[in-house]
Amino acid sequence: MLSTELPPMSKPSPRTKPSSWLADSLLFFSGAFLALLVLFTFYSFVSTYSSPNFGRTVTSPPPTAEPDQCSDDANLRRDPPDPTFYDDREVRYTLGDPVQNWDEKRRQWLLLHPSLAPGAGKRILMVTGSQPAACRNPIGDHLLLRFFKNKVDYCRLHGHEIFYNNALLHPRMGSYWAKLPVIRAAMVAHPEVEWIWWVDSDALFTDMEFKLPLDRYKNHNLVVHGWAHLVMETHSWTGLNAGVFLIRNCQWTMDFLEVWASMGPQTPDYEKWGETLRSTFKDKAFPESDDQTGLAYLIYKEKEKWGKKIYMESEYYFEGYWAEIVGTLDKIEDRYAEIERGEEDNAVRLRRRHAEKVSEQYGAFREEYLSEAGYGRGSWRRPFITHFTGCQPCSGRHNEMYKANSCWDGMEKALNFADNQSSYGHFEKERNFGSSWYMRYAKLPIIPGLLSLSVAGSR
């Protein structure tokens, strides 16, 4: 029987050899071409979309707008080519050399920045700060962070800008005098704002809905919490408090800051001013010249020149003493909760969840229920600002008339009270945690949505 299979060691016939070689060659070149095509396509894709550019990217400047065009000014990416007071080398940010014709310089600057002109008459910049070094008190930096978060929350709700300073802008003006150089610099750096609002680092907002009644101060240039009769008649250095004040960005302030600062430690008359202030205000507790007593002195002794433009606010807690406030917060919170449990239309709206950006509207809804609450001491209205004067959260060297625990517990209580009024506070309250855990951890300063990280990193 004949076999159809070739012997195991037989060679291919001459007819089959060229055909097989040609097929293999075509297959090889086709594969190579396809591989090169895929590689080229992949390289083009990567170089176009995925390759990071570690070099410096140079972009051409935006085209210069005509003088009557303000579209480019709105995005704040450039200053107009016209010269302003910033081109004047005589203009300084520091005390000791007041800017002349400041009102006119500001007016001209706003004319060149028309996108910032609307609302400039009521625009506010909040300024606060602390010392350059770390706090000596182990929990001091944590407390200052929470106090600053509170101020940021208030500014976010009401559309104010905020600046935090932790540098001595004048090497010899430290402690309570350090604020004056900061305010002076802020005036020149922010000609677009009408008011500079200084708030001490240990003061916080305990009514996040309340708005400053700016119309009340339209004829004044400085607003401070105080009582005229205590300064003018009793001559008490505690007749006002300089830890929170509102001061207008104008020539009057330029000149006033120079006079006020002349009582500070950078002047050769510092010790003499200490003696003068203490002899004028008999209840002054220490011999050094300080900013608060200096302000009271200018109001009392130079009323015609300065005092008429200074408004001492006592109708509401523009700056409230913490020791008389903290004990009332629980009852105040209960009264507000009682309002929200009501059946009226506004009461229903007040307990409804809402976006943070419309919080001012909810504050207006609440006002009809607060007409009988009054203001200030004895009121069940939320106190506007609570000031922990004397507690010294950073150094820990609190006034001996207070116990340390009363300061720290009071700060935590007031901070939590304020946090509960923001949208984030309501979000945290709705999380079904135990009350002790909530009081300890839920009110740490956090990034919204990262509560777990805040808790994991707490001590």
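Two residues are in contact here when heavy atoms of one lie within 4.5 Å of heavy atoms of the other. The model is predicted.

**Exercise 1. Helix 8 and helix 9**

Find which residues of helix 8 meet which residues of helix 9, and describe the crossing.

*Solution.*
Step 1. Locate helix 8 at residues 270-280. Helix 9 covers 291-301.
Step 2. List the contacts. Helix 8 brings Trp273, Thr276, Leu277 and Thr280. Helix 9 brings Thr293, Gly294, Tyr297, Tyr300 and Lys301.
Step 3. Sort them by class. The contact has four nonpolar, four polar and one charged residues. Gly counts as polar here.
Step 4. Describe the geometry. The two axes come within 10 Å and cross at roughly 65°. The crossing of helix 8 past helix 9 is left-handed.
Step 5. Look at the spacing along a helix. Residues three or four places apart point the same way, because an α-helix has 3.6 residues a turn.

**Exercise 2. Helix 7 and helix 9**

At what angle do helix 7 and helix 9 pack, and which residues make the contact?

*Solution.*
Step 1. Take the angle and distance. Helix 7 and helix 9 pack at about 120°, and their axes are 10 Å apart.
Step 2. Give the hand. Helix 7 passes helix 9 in a right-handed crossing.
Step 3. Name the residues. Phe256, Val259 and Trp260 come from helix 7. Asp291, Gly294, Leu295 and Leu298 come from helix 9.
Step 4. Sort by class. Five are nonpolar, one is polar and one is charged.

**Exercise 3. Two aromatic pairs**

Classify the pair Trp252 and Trp306 by the angle between the ring planes, then do so for Trp322 and Tyr402.

*Solution.*
Step 1. Recall the cut-offs. Ring centres must lie within 6.5 Å, and planes over 60 degrees apart count as edge-to-face.
Step 2. Test Trp252 and Trp306. Their centres are 5.6 Å apart and their planes make 75°, so the pair is edge-to-face.
Step 3. Place these two residues. Trp252 is in helix 7, and Trp306 is in the loop between helix 9 and strand 7. The pair therefore ties together parts that are 54 residues apart in sequence. Both Trp252 and Trp306 are buried.
Step 4. Test Trp322 and Tyr402. The values are 5.1 Å centre to centre and 65° between the planes, again edge-to-face.
Step 5. Place them too. Trp322 lies in helix 10, and Tyr402 in the loop between strand 9 and helix 14. They are 80 residues apart.
Step 6. Check burial. Buried means under 20% relative accessible area. Trp322 has 5%, so it is buried. Tyr402 has 12%, so it is buried.

**Exercise 4. More rings**

How many aromatic pairs does the structure hold? Which rings have a charge over them?

*Solution.*
Step 1. Count the pairs. The structure holds 27.
Step 2. Find a cluster. Tyr154, Trp197, Phe205, Phe210, Tyr316, Phe318 and Phe384 form one.
Step 3. Find the charges. The charged end of Lys284 sits over the ring of Trp237, 5.5 Å from its centre. Arg335 lies over the face of Trp380, 4.0 Å from the ring centre.

**Exercise 5. Helix 5 and the whole chain**

Is helix 5 largely enclosed or exposed?

*Solution.*
Step 1. Count. In helix 5, residues 179-189, 10 of the 11 residues are buried. Among them are Lys179, Arg184 and Met187.
Step 2. Conclude. Helix 5 is therefore largely enclosed by the rest of the structure.
Step 3. Step back to the chain. The chain has 17 helices and nine strands. Of its 459 residues, 43% count as buried.
Step 4. Look at sequence distance. Among contacts between residues at least 6 apart in sequence, 73% join residues at least 24 apart.

Conventions:
Residues are numbered from 1 along each chain as its sequence is written. This is a predicted model: local features need pLDDT of at least 70, side-chain atom pairs count only at pLDDT 80 or more; totals for chains, interfaces and linings use all residues. Side-chain values use heavy atoms; hydrogens and water are left out. Rings of Phe, Tyr and Trp (its six-membered ring) pair if their centres lie within 6.5 Å; planes under 30 degrees apart count as stacked, over 60 as edge-to-face and the rest as tilted. Helices (H or I, at least four residues) and strands (E, at least two) are DSSP runs, numbered from the N terminus. Buried means under 20% relative accessible area, exposed over 50%, partly exposed in between (1.4 Å probe, protein chains only). A charge sits over a ring if NZ of Lys or CZ of Arg is within 6 Å of the ring centre and within 35 degrees of the ring normal. Axes are lines fitted to C-alpha atoms, for helices over the stretch in contact, and angles run from 0 to 180 degrees between N-to-C directions. A crossing is left-handed if the near helix is turned anticlockwise from the far one by less than a right angle, and right-handed if clockwise.
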